[in-house]
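Me: I would like to go through the labels attached to this structure and ask, for each, what grounds it rests on. Please set each value against the rule it is judged by.

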Amino acid sequence: MEYVSTRNAKKVFSFKDVFLKGLAPDGGLFVPKKIPLYNSRELEKLRNLSYNELATKIIFKFCSEEFDEVEIKDLIKNSYKNFRVNDVVVIKKIGKVNLLELFHGPTLAFKDIAMQVIGNMYEKILEKNNSKVNIVVATSGDTGAAAISAIKDRKNMKIFVLHPDNKISEVQRKFMTTVNSDNVFNIALASNFDECQKFVKSMFSDKDFSSSINMSGVNSINWSRIVVQIVYYFFSYFKVAKRSEKINFSVPTGNFGDIYAGYVAKKMGLPINKLIIATNSNDILKRTVTTGIYKPLKVEHTVSPSMDIQVASNFERLVFDVCSCDSNKTLKLMNDLSEIGEFKLEKEELKKIKESFCSESLSEEETKSVIKKTYKNQKMLIDPHTAVAIGAVNKISLEGNTVILATAHPSKFSDVVMKETGINPELPENLKNILDKKEKYEKLPQDLKKIQNYILERV
């Protein structure tokens, strides 16, 4: 498997390059030169595999020059051994749709599914190459906690997590700041997630800085995150659909990584009809799918903070794809975005997007109403991000079975869930102690130099 950058398709990279760099040297995102394709007979062979067996088969296709299949199998087994359910995820019927619960890992969010695998991959690759890395990552709430859980106490790596101060839930923050490990550093920035992400991208682009600390990243811009997330689209498809039946997926969407994994699954031959981009009032992607114009506005703070994003980084991968993998065209559009604050897709490119995607957004009131109604009608507590995905399905009329991605445990957003349902969603027993643990994090201003100096003093 060879990889290229969305901004320069001429230079080829290996999986190890892609994994350790995170972001391409030219500021683009890594994508495979060619996506593997399953025919319907091959798909049927995968149907009855356990989650771990399926993960081994799919992930191996993307990194076979770095790991052999036995290594991947062991890596997957180690990554998921502490999940609270046997098959990593749980599928529940909720009215006429299916709810895919992705939050049974250590930090109660879907990010654990990819992050635990990535932590083990890092350890293996660094060991083989006798090297060290410093991971710098921005979080809108869940990525940071999942990354810390996967990387804490490991040798040869340190992790620096930037989160927007006072703009994530208390439980989300405590999952990060109560981890007492010498290789974990939390930074609360006086800004929003898009700014945090911008600082991380600036540090990657600063060649002197990034090479001096051997910088790596685990945000959803890291291709390996996408690879691991492809698996649960296949797994849930086999559980709810008959052979060759087309189904839909509704995905709460912020940075476009999780739903892009669904798009890759479709390109690999999985019979997906539509991927529903479910957004809150930060609805840049809905506007783009409707008009073809990608124009970030001011970020609004909502009850679904992991989606409070106006610059959906992974969208660049889709742009590259619908522009017929023309890296010059992609680079021009990305330059337009940074120089004039927007870019416009051609009619043909927008048509390609609409073949696979549709989008709907929910207001705050609508999101809260879905939480309330779901409890009233189904006796089920859901978090606000999952509520957005359910609400989007209710607004769109689509043919076929639909799977909704439930991305976080309701206890991570207990305030809003309690307010709407009168029920306090409790943390699982083994995690309740984080509420009382001492927190450790540094508050820094919106100043790139100060952030870099903070990191340099600790690597």
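The exchange below takes up burial, helix packing, salt bridges and backbone angles in turn.

Reply: Please keep in mind throughout that this is a predicted model.

Me: What makes helix H7 (residues 170–177) count as largely enclosed by the rest of the structure?

Reply: A residue is called buried when its relative accessible area is under 20%, and seven of the eight residues of H7 are buried, so the helix is largely enclosed. The buried residues are Val171, Gln172, Arg173, Lys174, Phe175, Met176 and Thr177, and what covers them includes helix H6 (143–151), strand E7 (157–164) and strand E8 (184–189).

Me: Why is H6 described as largely enclosed?

Reply: Nine of the nine residues of H6 are buried, so the description follows directly from the count. The buried residues of H6 pack against helix H5 (111–129), strand E6 (133–138) and helix H10 (223–240), as well as against E7, H7 and E8.

Me: Why are cysteine 63 and cysteine 196 called buried?

Reply: The cut-off is a relative accessible area under 20%; cysteine 63 has 1% and cysteine 196 has 0%, so both values satisfy the rule for burial. As for disulfides, the structure holds zero, a pair of cysteine sulfur atoms within 2.5 Å being what the term requires.

Me: What describes the packing of helix H11 (residues 257–267) and helix H13 (residues 315–322)?

Reply: Two packed helices are described by the angle between their axes and the distance between the axes. For H11 and H13 the angle is about 30 degrees and the axes are 10 Å apart, and H11 passes H13 in a left-handed crossing. The contact is made by Tyr260, Tyr263 and Lys267 of H11 together with Arg317, Leu318 and Asp321 of H13, and these residues divide into three nonpolar, no polar and three charged.

Me: How do you know that lysine 267 forms a salt bridge with aspartate 321?

Reply: The rule asks for a side-chain nitrogen of Lys or Arg within 4 Å of a carboxyl oxygen of Asp or Glu, and the closest N and O atoms of lysine 267 and aspartate 321 are 3.0 Å apart, so the pair qualifies as a salt bridge. The pair links distant parts of the chain, with lysine 267 in helix H11 and aspartate 321 in helix H13, 54 residues apart. At 34% relative accessibility lysine 267 counts as partly exposed, whereas aspartate 321, with 16%, is buried.

Me: What makes lysine 33 and glutamate 2 a salt bridge?

Reply: Their N to O distance is 3.5 Å, and the limit is 4 Å, so the pair falls within the rule. Lysine 33 lies in the loop between strand E3 (30–32) and helix H2 (40–46), and glutamate 2 in the segment before strand E1 (3–5), 31 residues apart. With a relative accessible area of 42%, glutamate 2 is partly exposed.

Me: Why are glutamate 195 and lysine 198 said to be separated by about one helical turn?

Reply: They are three residues apart in helix H8 (residues 193–205), and this is why they are described as about one helical turn apart. Their side chains meet in a salt bridge at 3.8 Å, N to O, which is within the 4 Å allowed. Glutamate 195 is partly exposed at 22%, while lysine 198 is exposed at 51%, the boundary for the latter label being over 50%. By the same distance rule the count comes to 26 salt bridges, and Lys286, Glu360, Glu366 and Lys395 are linked in a network of them.

Me: What makes the phi of asparagine 130 and that of asparagine 214 worth pointing out?

Reply: Most residues other than glycine have a negative phi, and most peptide bonds are trans. Asparagine 130 has a positive phi of about 50 degrees although it is not a glycine, and asparagine 214 likewise has a positive phi, near 50 degrees. Asparagine 130 sits in the loop between H5 and E6 and counts as exposed at 72% relative accessibility. Asparagine 214 is placed in the loop between helix H9 (207–212) and strand E9 (215–216), and at 37% relative accessibility this residue counts as partly exposed.

Note on methods:
Residues numbered from 1 in each chain as written. Predicted model: local features only at pLDDT ≥ 70, side-chain atom pairs only at ≥ 80, totals over all residues. Heavy atoms only, no water. Axes fitted to C-alpha atoms, helices over the stretch in contact; angles between N-to-C directions. Helix = DSSP H or I, 4+ residues; strand = E, 2+ residues; numbered from the N terminus. Left-handed = near helix turned anticlockwise from the far one by under 90°. Contact = heavy atoms within 4.5 Å. Nonpolar A, V, L, I, M, F, W, Y, C, P; charged D, E, K, R; others polar. Buried < 20%, exposed > 50% of the residue type's maximum accessible area, 1.4 Å probe, protein only.
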